[in-house]
Amino acid sequence: MTIRWVWAFLDRPAAQFDTAAEFWTTVTATTLSPTRGDHDEFVTLLPKSGAPTLKMQRIDGPARIHLDLDVDDVSAATDRAVQLGATLAEDNILTERIGYAVLHSPAGMPFCITPFHDDAGPLTPTVEGPSGDLSRLDQICLDIGNTDYDIESRFWTDLTGWAWRPSTLPEFARLSARPDIPVDFLMQRLGESRPTTAHPDLACTDIEATATWHESLGAHRTSRGKHWIVMSDPTGHPYCLTSRKPA
């Protein structure tokens, strides 16, 4: 199984969808594609240049993130994911009509196996804030409960086939994507046991300046780490601003 492209889906409640879309298009310097889906629930966030990696979905439940993994053979990749411990969603129907599979990781993280259609293209450029600070959404952090960490981290490592790299902090490990895929996965061991969720991380040249800009757009600071600031977007969903290089 070779992952050809990764999409991060920002699933947001219908009542807050427009607010969330305005925020995320601003901080990623993107515009919304035309809506699609049976209920106009899907949009892609389109950069001025480079390949898009971010989509949004209007949902009935609480805000969350799910991943779409583009592959050449959906059926074979789905079988591989199930062999590694994933489960098909109860309402999943893998048919020629829909052409994709909806699954959950061993610890409950939703993701889809989707068909690859287009060449990836160049990296999305960095975004310049009002103070000249640069940022770019460059990774998705998988927040994994303590009791599930070993099986869940092994699942994502085996599923992606990406290089596992330890971090300087023991609670983190990185899955580094190929150079042609601009989104890495960070795996975080939580100090509690709960189903796996995910949040986006933006690499920044100046996390304080970027945080101030995002606050002016409706985000809020939640906490401060050694090299990052935990934020919540206008819908209350967490994300982080990190001091990694955005380029």
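Trainee: How much area does the protein chain expose, and what supplies 51% of it?

Mentor: The protein chain exposes about 11700 Å², and carbon and sulfur atoms supply 51% of that area (Shrake-Rupley method, 1.4 Å probe; for residues, only the protein chains shown count as cover). This is a predicted model, in which local features need pLDDT of at least 70 and side-chain atom pairs pLDDT 80 or more, whereas totals for chains, interfaces and linings use all residues. Residues are numbered from 1 along each chain as its sequence is written, and side-chain values use heavy atoms, without hydrogens and water.

Trainee: How do you know that the radius of gyration of the protein chain agrees with a compact globule?

Mentor: The rule, 2.2 Å times the number of residues to the power 0.38 with the radius taken over C-alpha atoms, gives a value near 18 Å for 247 residues; the protein chain has 17 Å and therefore agrees. Its C-alpha trace spans about 50 × 45 × 35 Å along the principal axes.

Trainee: Why is S105 called buried?

Mentor: Buried means under 20% relative accessible area, exposed over 50%, and partly exposed in between (1.4 Å probe, protein chains only). S105 has 4% relative accessibility, so S105 counts as buried. Of the 247 residues in the protein chain, 50% are buried.

Trainee: What makes the side chains of S105 and E152 a polar contact?

Mentor: The term covers a pair of N or O atoms within 3.5 Å; within protein, one must be able to donate a hydrogen and the other to accept it, and residues adjacent in sequence count only if both atoms are side-chain atoms. The two side chains meet this at 2.5 Å. S105 lies in the loop between strand 7 and strand 8. Beyond its neighbours within four places in sequence, S105 is in contact (heavy atoms within 4.5 Å) with F111, E152, F155 and W156.

Trainee: Why do strand 2 and strand 6 stand at the edges?

Mentor: The open sheet has eight strands in the order 2-3-4-1-5-8-7-6, with mixed pairing. Strands (E, at least two residues) and helices (H or I, at least four) are DSSP runs numbered from the N terminus, and two strands pair if DSSP finds at least two bridges between them. Strand 2 (30–32) and strand 6 (87–88) each have a single partner strand, so one side of each lacks a neighbour in the sheet.

Trainee: How do you know that strand 7 and strand 8 are joined?

Mentor: Four bridges link strand 7 (residues 101–104) to strand 8 (residues 110–115), and the two run antiparallel. V102 stands opposite C112 in strand 8.
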